[in-house]
Amino acid sequence: SSGINAAYGEVNMNLMRLSTSERKYIVDSIEEDFRTDGRSCEDYRQIEVETRNLPNTNGSSRCRIGKTEVLVGVKAEVVDAALHNPSKGKINIAVDCSATASPQFAGRGGENIEQEILSVLNLLYSSIDALNLADLCIVKGESCWLLNIDVLYVQCGGNLFDAASIALKAAVHSTTMPNVSVSGEGIEMELEISDDPYQVWKLSTAMCPICITLYQEGESFAVDVTEEESECSTGYVHVGVLPSGEVSAMEKSGAGNMEPIALLEMIDAAVRIGMDIHKQLDRQLLAESTTATL
């Protein structure tokens, strides 16, 4: 979708006003695989993840990549089961790009970016296997859990999509669900939700994807781009990568044309990078550390 490209690029341009020579320098550096901050094209900035940091949630996380910082909170509530999916629960994702995080989020620019990020996250989690929704069923055809997942950007420094997907997986991993006991039948049915902190169960993140976004820059591409680098890009590809390295989703955005061979190279890079980030993230999350640095 080019909507975010227009909003994102135009607002950035007005804020930064990169000159033609600055753009050429940034693109040339990427084409030479030595970016202006010293990274190679496939290098991420340091990724910092914290979990269980928001009160009054079932699970939460904070992810920082460079200057980008995003919070994710998960709240569970009991709702009526859907008629078309009587034995599955539900998830609902909401994205908030606060204008205090960046001037580019003010007005329509923020709305367009929110919609694009939401579209990507929904694409990643629309797979029936991303989260096992059957686990969220309480009584078939009657009641289930709804996971309200709120994504809030605190600071903006490029690579918004990937940061949100990493934070979302971490938040889901930290989520604890209370046990529910069911008594009676029909209109006499009653649900009792345990308030015992030890009577809980955890969601599986074994099939949770993360997003690797690759930006086309001249004749090359780069991941984890800064705001300046994103301004010089002609298009980008979101690739959903599972811990196994399987590609679960893909979407191209922007006006630039991509050669099939270049697109295949980008997907190969996304798989390599995605598997590595999954391994590092899983290692930290399994250690149940409240602060993890990748």
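These are my notebook entries on a predicted model of one protein.

**Ground rules.** I number residues from 1 along each chain as its sequence is written, and I keep to heavy atoms for side-chain values, with hydrogens and water left out. Since the model is predicted, I accept local features only at pLDDT of at least 70 and side-chain atom pairs only at pLDDT 80 or more, while totals for chains, interfaces and linings use all residues.

**Overall form.** I looked up the secondary structure and found six helices and 15 strands, where helices (H or I, at least four residues) and strands (E, at least two) are DSSP runs numbered from the N terminus. The radius of gyration, taken over C-alpha atoms, is 20 Å, close to the 19 Å that the globule rule (2.2 Å times the number of residues to the power 0.38) gives for 294 residues, so the protein is as compact as a globular protein of that length. I noted that the C-alpha trace spans about 75 × 40 × 35 Å along its principal axes. Buried residues make up 49% of the 294 residues; buried means under 20% relative accessible area, exposed over 50%, and partly exposed in between (1.4 Å probe, protein chains only).

**Aromatic rings.** I counted two aromatic pairs, a pair being rings of Phe, Tyr and Trp (its six-membered ring) with centres within 6.5 Å, called stacked if the planes are under 30 degrees apart, edge-to-face if over 60, and tilted for the rest. The rings of Phe 161 and Tyr 236 have centres 6.1 Å apart and planes at 35 degrees, so I entered this pair as tilted. This pair links distant parts of the chain, with Phe 161 in helix H4 (residues 160-174) and Tyr 236 in strand S13 (residues 235-241), 75 residues apart. Phe 161 is buried at a relative accessible area of 5%, and Tyr 236 is buried at 4%. For Tyr 215 and Tyr 236, I read centres 4.9 Å apart and planes at 25 degrees, so that pair is stacked. Because Tyr 215 lies in strand S11 (residues 210-217) and Tyr 236 in strand S13, the pair ties together parts 21 residues apart in sequence. I therefore drew Phe 161, Tyr 215 and Tyr 236 as one aromatic cluster.

**Two more residues.** Glu 231 sits in helix H5 (residues 227-231), and I entered Glu 231 as buried because its relative accessibility is 8%. Ile 193, in strand S9 (residues 190-193), counts as partly exposed at 42% relative accessibility.
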